[in-house]
Amino acid sequence: MRKYWIDNLRWFTVLLVLLYHVIYFYNNKGVFGGVGGFGDGPQYQDVLMYILYPWFMPLLFILAGISAKYALDRHSGKEWFKSRTLKLLVPSTIGLFVFQWMTGYFNTLVARQDVLASLKQPALYFLWVISGTGPLWFIQDLWLFSLILLLIRRITRNWHFKIKNEKVKKHLHDYEYWYLPKIIPFGICVLYWLGGQTLIFNPRPESADGLYNLYKPLFYLIFFLLGYYCFSSKKIQKYLSDGWWIDMVCAIAACVYLLFDTYGENNTTPQYLADPFNCIYGGLMCLAMMGWFIAKFDKTNAFAGYMTRSSFGIYIVHYLIIASIGSMMFYYTQLPPVAMYIILTVAVFTLSPLIYETLRRIPFVRWCVVGEKESKVNK
């Protein structure tokens, strides 16, 4: 039976990513990327970054881990990894040369570095290709984690843990109702903090440290494996569903404290991510969102079905709209900031589906950019 709550939470989170990137593109908090803000004064709209960033990407990796568990229960590892390679690796490699180089062009325009003026084709094109990776780091990480998961499964395939002592089994059965709801929130917050310790706290300029901190491979691997080994359990999902509102209230309380204590800081630095209240907020919000959607949104309709099929493609193409329209307005118009936010928000939520719908109807381009062999137009 399909878990509609996973589909719905995934596409809902993808929409939040689109909104986040609109705000992020014009932030003045020192977050890498974008064009900068509208002066040094307070930009209170940037508060959205502090609300979303601690949890929405870890949550997407948890959902990917849960989905991997269910897929591998139905398919062989070879079949599953082949499909992951088509869906994840092809768009994030070949797709860079076919489509994402355009995003790279606008990213280098935003950088406005004098060294670019000395580059000629085809070197400039390859720079655009590399710079066009943008948000595709997410699916590159996912492909790597899929490979790691298969290796872990192969190593542990003969491991069997079984409790034979009946007294111990009885105690576990009698008290798990009381222990699990306490262990899970504490455990995810601790793991969030431990994952933060894998980042490079003082990245060296002109090195790959910044790139490592962007991909956060060990940090996000923790959440992917949590999804696979922990949150794919029906029993744990039931606990999340029953207590989602408690997790939500606690997460909001941690968020409020975090905002008052840290607003104005760069919320993507390793130091910020390792802040205990950031770990508490991020961990509890992941639990709360999963529990909320399990309890209230484990159903579908025509719109949800469309978003389930299309959210991946929308994610793939959306940043071209952010980088192109966002930078053009910032550098070449005198529009007020409010107008820029409104125009960019409307553009990314309307043009992203249109671009995806166009690309998926072009056979070779469809394969390269969104990893689809066949068009789903008539399906």
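## Close-up views of a predicted all-chain model

**Figure 1. Surroundings of Asp 209 in the predicted model.** Once its neighbours within four places in sequence are set aside, Asp 209 is in contact with Ile 200, Asn 202, Pro 203 and Arg 204. The model shown here and in the following views is a predicted one. Asp 209 belongs to helix 9, which comprises residues 209–215, and its relative accessibility of 7% places Asp 209 among the buried residues, because buried means under 20%.

**Figure 2. The protein as a whole, given as context for the close-up views.** The fold is made of 17 helices and 0 strands, and the C-alpha atoms fill a box of roughly 75 × 50 × 45 Å along the principal axes. For 379 residues, a compact globule would be expected to have a radius of gyration near 21 Å, and the 22 Å found for the protein agrees with this. Of the 379 residues, 48% count as buried, while the exposed area comes to about 19,300 Å², of which carbon and sulfur atoms supply 68%. Among contacts with a separation of 6 or more, 79% are accounted for by residues 24 or more positions apart.

**Figure 3. Tyr 53 and its polar contact with Lys 216.** Tyr 53 is located in the loop between helix 2 (47–52) and helix 3 (56–74), and with a relative accessibility of 13% Tyr 53 counts as buried. The side chains of Tyr 53 and Lys 216 are joined by a polar contact of 3.0 Å. Not counting residues up to four places away in sequence, Tyr 53 touches Tyr 20, Asn 267, Thr 268 and Leu 273 as well as Lys 216. The C-alpha atom of Tyr 53 is separated by 18 Å from that of Ile 322, a residue 269 positions away along the chain.

**Figure 4. Lys 29 in the loop between helix 1 and helix 2.** Lys 29 is found in the loop that runs between helix 1 (4–25) and helix 2, and a relative accessibility of 10% makes Lys 29 a buried residue. Its side chain makes a polar contact of 2.7 Å with the side chain of Asn 28. When residues up to four places away in sequence are not counted, the residues touched by Lys 29 are Gln 43, Asp 46, Met 49 and Tyr 50, together with Tyr 263, Gly 264, Glu 265 and Asn 266.

**Figure 5. Phe 231 within the largest nonpolar core.** The largest nonpolar core has 114 residues, and Trp 55, Phe 231 and Met 290 are those with the most contacts inside it. Leaving out residues up to four places away in sequence, Phe 231 touches Met 290 itself, along with Ile 62, Ile 66, Ile 184, Ile 188, Leu 226, Ile 236, Gln 237, Leu 240 and Leu 287. In soluble globular proteins, nonpolar side chains tend to be buried together.

**Figure 6. The buried residues of helix 4 and the helices that they pack against.** Helix 4 spans residues 77–89, and its buried residues are Trp 80, Phe 81, Leu 86, Lys 87 and Leu 88. These buried residues pack against helix 3, helix 7 (137–155), helix 15 (302–332) and helix 17 (363–370).

**Figure 7. The aromatic pair of Phe 38 and Phe 330.** The structure holds 45 aromatic pairs. In the pair of Phe 38 and Phe 330, the ring centres are 5.7 Å apart and the planes stand at 55°, so the pair is tilted. Phe 38 lies in the loop between helix 1 and helix 2, whereas Phe 330 lies in helix 15, so the pair ties together parts that are 292 residues apart in sequence. Both rings belong to partly exposed residues, with a relative accessibility of 29% for Phe 38 and a relative accessible area of 22% for Phe 330.

**Figure 8. The aromatic pair of Trp 137 and Tyr 215.** The rings of Trp 137 and Tyr 215 have centres 6.4 Å apart and planes at 70°, so the pair is edge-to-face. This pair links distant parts of the chain, with Trp 137 in helix 7 and Tyr 215 in helix 9, 78 residues apart. Trp 137 counts as buried at 9% relative accessibility, and Tyr 215 is likewise buried, with a relative accessible area of 17%. Trp 137 and Tyr 215 also belong to a cluster linked by ring pairs, which includes Phe 61, Phe 138, Phe 145, Tyr 192, Phe 219, Tyr 220, Phe 223, Phe 224 and Tyr 315.

Notes
Residues numbered from 1 in each chain as written. Predicted model: local features only at pLDDT ≥ 70, side-chain atom pairs only at ≥ 80, totals over all residues. Heavy atoms only, no water. Helix = DSSP H or I, 4+ residues; strand = E, 2+ residues; numbered from the N terminus. Buried < 20%, exposed > 50% of the residue type's maximum accessible area, 1.4 Å probe, protein only. Contact = heavy atoms within 4.5 Å. Polar contact = N/O pair within 3.5 Å; in protein donor to acceptor, adjacent residues only side chain to side chain. Core = buried A, V, L, I, M, F, W, Y, C linked by side-chain atoms within 4.5 Å. Rg over C-alpha atoms; globule rule 2.2 N^0.38 Å. Areas by Shrake-Rupley, 256 points an atom, 1.4 Å probe, with all protein chains shown as cover. Phe/Tyr/Trp six-rings, centres within 6.5 Å; stacked < 30°, edge-to-face > 60°.
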